[in-house]
Amino acid sequence: MTSESVLDIFKEITRIPRESGKEGPITAFLCNWAKSHSLECKTDKIGNVLIVKPASPGKEDVPTLVLQAHQDMVCEKNAGFEFDFGKDPIPYEIEDGWMISKNTTLGADDGIGIAACLALMESDRPCGRIESLFTISEETGMDGANALEEGFFSGKTLINLDSEDEGQLFIGCAGGEHTDALFHFKRESIIKGNKIVRLSVSGGIGGHSGDDINKHRANTVKILADFLASEISSDFQLLSIVGGGKSNAIARECNAIVAVADSIGLAGRFGAYGNKIKAEYAETEPGLVFSVSEVESKLKAVDGKTAIALINALSACPHGVEKMSPDIEGLVQTSTNLAAVSIPEEGVIKVATSQRSSVVEELDALVDKVAAVFKNAGAEVECYSKYPGWNPNLKSHILQVCVKSYRKLFSQSPLVLAIHAGLECGLFLEKFPDLDMISFGPTLRGVHAPGEKLELASMDRFVKLLDDVVCNFK
């Protein structure tokens with residue numbers, strides 16, 4: 001197995017639709033791949049796939065290793081970029097040592113994990129029995145991991161290939177939960193004399209709501225909501241507000257259509273506000289754009305009571321780091337992401353949020369806090385897809401194997417860490433308490449946002465480590 005063989009398979013995967021909840025094409029690809037390589041393959045009722053490579057001659061007594069990746073990807077694209085994730089291949093480029101998709105997500109999270117599993121299984125490297133597990137809908141609720149049934153795989157040691165910093169071995173992760181709110185509204189007439197104005201905040205970097213939540217990224221939904229909350233008056237009307245995307249991504253753009261009597265004054269205040277925000281984020285968000293223009297719209301206004309309640313709730317909703325770990329320097333312990341606001345159907349406004357914590361009590365308290373903000377505003381609130389964290393085990397056998405291998409290969413020690421992002425390992429451990437697990441991968445940047453990229457040099461080290469660990473495991 002080489003990094004080139006892994007990349008070749010990943011390039012093939014970039015042509016296969018695999019949005020969360022719509023993994024049919026990638027599931028079929030995996031099953032057909034197994035058949036073409038004469039390997040045992042099975043799927044469960046939800047769509048998880050297991051491909052088994054028997055032990056090489058002389059390696060029959062080596063304990064089975066489970067390699068694990070998820071089938072789905074976060075599908076995000078820049079506004080105005082014509083692209084259909086249901087049929088179009090990902091438009092990647094190779095630039096300055098990185099593989100990058102500038103206008104869409106690349107899907108290296110976790111397509112690289114899939115590719116590494118397949119490359120290893122088709123290689124002639126001698127190793128023990130390998131079970132490659134490919135779960136579905138990790139990005140939207142870890143549905144595949146949640147639905148795993150006893151006996152679907154037999155190995156007692158699992159390597160999760162869904163981490164994003166080469167040179168770091170992860171042995172713990174945060175748990176999480178989603179909290180959504182629905183506001184029901186009626187339309188009312190535009191006040192006579194009011195002018196219709198479109199306000200937009202765009203150009204945000206966005207990013208992963210776990211890995212990037214402490215990197216001072218601008219949340220455009222929060223930014224626009226804070227401005228609108230300051231503009232509420234007797235003549236202010238809200239026609240529409242849409243921003244953000246996936247619940248596990250930081251919002252990169254947000255647009256609102258409003259009606260006001262003094263559009264010129266509104267434009268001036270929004271420009272001044274934009275300058276203030278751009279100064280605040282000058283180092284981390286140089287591409288932020290604030291725009292305002294008078295527009296025509298056939299929409300009537302959201303009824304005033306609902307509009308005010310919604311805007312104030314969005315402004316009051318917490319976003320960002322709530323607490324850092326007191327034990328591990330630089331590790332976020334608890335956070336929340338105000339992810340998106342949308343109008344999925346006429347008469348309904350939906351707000352999506354997600355919370356993470358490595359402390360169950362803090363997670364529950366934060367979910368309750370966010371839910372209370374929206375309940376107090378009159379919204380229907382749903383909390384769902386809760387998943388457990390993964391507590392570190394410093395005595396792990398696979399950890400010792402990986403550390404020894406890394407030192408041998410690269411003459412330096414890897415970092416052993418926990419991660420604030422959610423991994424499926426917590427659910428695996430809940431279902432299979434005897435599992436010994438670790439997670440590692442190549443270096444990715446900008447996951448869950450357009451511009452996601454994979455560092456090619458890190459691929460070489462990632463592949464060498466995986467190959468050495470698997471072939472020398474005992």
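Which residue of strand 21 does N160 stand opposite? Keep that one in mind for Exercise 1, and remember throughout that you're working on a predicted model.

**Exercise 1. Place strand 7 among its neighbours, and work out where its side chains go.**

Step 1. Start with the partner on one side: strand 7 (residues 157–160) pairs with strand 21 (residues 436–439) in the parallel sense, over four bridges. Within that pairing, N160 stands opposite S439, which settles the opening question.

Step 2. Now look for another partner. Strand 3 (residues 65–70) also pairs with strand 7, again parallel and over four bridges. Here Q68 is the residue opposite N160.

Step 3. Next, the side chains. In a regular strand they alternate between the two faces of the sheet. Check that on strand 7: T157 and I159 point one way, while L158 and N160 point the other way. As for burial, all four are buried.

**Exercise 2. Trace the open sheet with the order 4-5-23-22 and name its edges.**

Step 1. Read off the pairing sense: this four-strand sheet is antiparallel.

Step 2. Find the strands that pair on one side only. Those are strand 4 (93–95) and strand 22 (444–445), so they're the edge strands by definition.

Step 3. Zoom in on the middle. Strand 5 (residues 98–100) and strand 23 (residues 453–455) pair in the antiparallel sense over three bridges. If you want a register mark, use I100, which stands opposite K453.

**Exercise 3. Is S101 buried or exposed, and what does it touch?**

Step 1. Locate it: S101 sits in the loop between strand 5 and helix 3 (108–122).

Step 2. Check the accessibility. The relative accessible area of S101 is 0%, and the cut-off for buried is under 20%, so S101 is buried.

Step 3. List the neighbours, leaving out residues up to four places away in sequence. S101 touches I90, P91, Y92, L106, P450, G451 and E452.

Step 4. Add a distance across the chain. S101 and L454 are 353 residues apart in sequence, yet their C-alpha atoms are separated by 9.4 Å.

**Exercise 4. Do the same for S132.**

Step 1. S132 belongs to strand 6 (residues 130–135).

Step 2. Its relative accessibility is 0%, so S132 counts as buried.

Step 3. With residues up to four places away set aside, the contacts of S132 are V49, L50, I51, L67, C117 and M121.

**Exercise 5. Hunt down the backbone oddities.**

Step 1. Scan omega. The peptide bond from D109 to D110 is cis, with omega near 5 degrees. D110 lies in helix 3.

Step 2. Scan phi for positive values outside glycine. M142 is one of them, with phi near 55 degrees. You'll find M142 in the loop between helix 4 (138–141) and helix 5 (143–147). At 3% relative accessibility, M142 counts as buried.

Step 3. H448 also has a positive phi, of about 75 degrees, although it is not a glycine. H448 sits in the loop between strand 22 and strand 23, and its relative accessible area of 2% makes it buried.

**Exercise 6. Why can strand 12 be called largely enclosed?**

Step 1. Count the buried residues: in strand 12 (residues 237–244) six of the eight are buried, so the rest of the structure largely encloses this strand.

Step 2. Add the partners. Strand 13 (residues 254–260) pairs with strand 12 in the antiparallel sense over six bridges, with S240 opposite I257. Strand 17 (residues 332–345) runs antiparallel to strand 12 and is joined to it by two bridges; there, G243 stands opposite V341.

**Exercise 7. Step back and describe the whole protein.**

Step 1. Take stock of the elements: twelve helices and 23 strands. The radius of gyration is 24 Å, close to the 23 Å that the globule rule gives for 474 residues, so the protein is as compact as a globular protein of that length.

Step 2. Look at packing. Buried residues make up 57% of the 474. Of the contacts between residues at least 6 apart in sequence, 79% join residues at least 24 apart.

Step 3. Finish with the surface and charges. The accessible surface comes to about 19400 Å², and 49% of that belongs to carbon and sulfur atoms. There are 47 positive and 67 negative side chains, and the centres of the two sets lie 2 Å apart.

Terms used
Residues are numbered from 1 along each chain as its sequence is written. This is a predicted model: local features need pLDDT of at least 70, side-chain atom pairs count only at pLDDT 80 or more; totals for chains, interfaces and linings use all residues. Side-chain values use heavy atoms; hydrogens and water are left out. The radius of gyration is taken over C-alpha atoms; the globule rule is 2.2 Å times the number of residues to the power 0.38. Buried means under 20% relative accessible area, exposed over 50%, partly exposed in between (1.4 Å probe, protein chains only). Contact means heavy atoms within 4.5 Å. Accessible areas come from the Shrake-Rupley method with a 1.4 Å probe; for residues, only the protein chains shown count as cover. Lys and Arg count as positive and Asp and Glu as negative; His and the chain ends are not counted. The place of a charge is taken as NZ of Lys, CZ of Arg, CG of Asp or CD of Glu.
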